[in-house]
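These are my notebook entries on one structure, written down as I looked things up. I begin with the strands, then turn to a single residue, and end with the rings.

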Amino acid sequence: MRAARLYAPGDLRIEDVPRPEPGPGDVLVQVELALTDGTDVKTFRRGHPLLAQESPSAFGHEFCGIVDGRRVVAANSAPCGECDGCARGEQCRNLVFLSGAYADWILVPERIADVNLHEVPRDLAPEIAAMVEPLACCLRGVQRAGIEAGATVSILGAGPIGLMLAACVADAGGWPVIVGGREERRGLVELFGAQTGPGSDADVVFEAAGSDTAWIDAIELVRPGGTVVMFGGLPRDARPPIDAYRLHYEEVTLRGSFHHSPSSVRAALGFLASGAYPWERLVTHRVLLDDLPALFADPPRDLLKAAVVP
């Protein structure tokens with residue numbers, strides 16, 4: 001089969017590789033399409049501490065596919081249910097990750113298939129269904145933030161994740177404000193339940209840009225006693241300076257939010273199927289698998305997400 005393989009940052013190749021052989025409980029899925037996302041872009045540019053630990057690495061994790069004539073989606077990991085993190089209701093310490101969606105076929109391991117492989121609701125388009133994983137992460141992030149009805153919520157970043165977070169915040173009863181972002185993306189902000197603005201003195205701030213500067217800005221925007229959720233991941237060696245005065249004397253709370261849970265994956269699929277927001281507007285391009293390396297090397301300015309067709 002044909003598959004994308006990442007050899008090093010900036011070195012992505014489309015190659016002929018053996019089709020995966022499923023073991024007991026594994027599920028082999030024929031990929032209908034995969035979606036690009038910010039994590040893939042960052043991984044292509046600088047690597048990733050969890051998703052690209054080998055060379056070459058399978059690549060891509062948002063997809064919709066076919067199993068026995070049924071359209072399915074899968075989140076890209078699953079908890080073990082046995083570690084200290086799982087026992088405390090926290091993030092699993094032993095996640096198994098799924099990668100390799102930029103290919104003709106993808107193997108979903110038994111642990112993920114058991115809890116995070118779902119049939120797609122009838123009439124839900126594959127490019128929308130494939131968003132289940134990032135939307136599930138956003139729903140869990142909003143849950144970790146403890147957003148209450150009427151809370152003012154600033155979101156740094158106007159990409160797909162920022163817009164998804166806005167929709168999740170609005171659905172939770174909050175008032176989302178998108179801070180910054182490219183002018184061409186701001187036209188989508190109101191469609192996802194938010195408005196643009198400076199975002200200062202917010203009850204909750206989400207950092208969804210994945211940069212050192214955004215981490216610093218997020219702490220500056222929150223009100224005294226408020227909560228900042230660090231949603232965008234940084235390289236392992238990143239050490240952004242943190243305003244210790246605000247944390248201590250103004251009792252600002254910092255929280256990290258990484259990944260999703262089985263319950264948030266199920267909720268995300270229902271949210272997508274509801275048609276509450278124009279999720280289809282997040283897919284701005286469509287490319288063939290062979291054209292994927294060129295897309296990552298020189299992404300169009302108006303790219304939000306691309307549907308990648310094998």
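**Entry 1: strand β3 and its partners**

How many bridges join β3 to strand β9, and do the two run parallel or antiparallel? Before answering I note that the model is a predicted one. I looked up the pairing and found that four bridges join β3 to β9, which covers residues 105-108, and that the two strands run antiparallel. Within this pairing I picked out V29, whose bridge partner in β9 is I106.

I then looked for further partners of β3 and found strand β5, residues 62-67, which pairs with β3 over five bridges, again in the antiparallel sense. Here I wrote down V31, which has G65 as its bridge partner in β5. Strand β18, residues 305-309, is also joined to β3, by two bridges, and these strands run antiparallel as well. In that pairing the bridge partner of L35 is A307.

Why do I call β3 largely enclosed by the rest of the structure? I checked the burial of this strand, which spans residues 27-35, and seven of its nine residues are buried, so the description follows from that count.

**Entry 2: residue A113**

Next I looked up A113 and found its place in helix α3, which spans residues 110-116. Is A113 buried or exposed? Its relative accessible area is 14%, and because buried means under 20%, I entered A113 as buried.

Leaving aside residues up to four places away in sequence, I found that A113 touches G25, V27 and V108. I also compared its position with that of P293, and the two are 180 residues apart in sequence and 29 Å apart in space, from C-alpha to C-alpha.

**Entry 3: aromatic rings**

I then turned to the rings, and the structure holds 10 aromatic pairs. For F271 and Y277 I noted that the ring centres are 5.9 Å apart and the planes stand at 85°; since an angle over 60 degrees counts as edge-to-face, that is the name I gave this pair. I checked burial here too, and both F271 and Y277 are buried.

Which residues do ring pairs link into a cluster? I listed F44, F59, Y102 and F296.

**Entry 4: charges over rings**

Last, I looked for charged side chains above rings. R13 lies over the face of Y7, at 3.7 Å from the ring centre, and the charged end of R19 sits over the ring of W105, 4.5 Å from its centre.

Technical notes. Residues numbered from 1 in each chain as written. Predicted model: local features only at pLDDT ≥ 70, side-chain atom pairs only at ≥ 80, totals over all residues. Heavy atoms only, no water. Buried < 20%, exposed > 50% of the residue type's maximum accessible area, 1.4 Å probe, protein only. Contact = heavy atoms within 4.5 Å. Phe/Tyr/Trp six-rings, centres within 6.5 Å; stacked < 30°, edge-to-face > 60°. Lys NZ or Arg CZ within 6 Å of the ring centre and 35° of its normal. Pairing = 2+ DSSP bridges.
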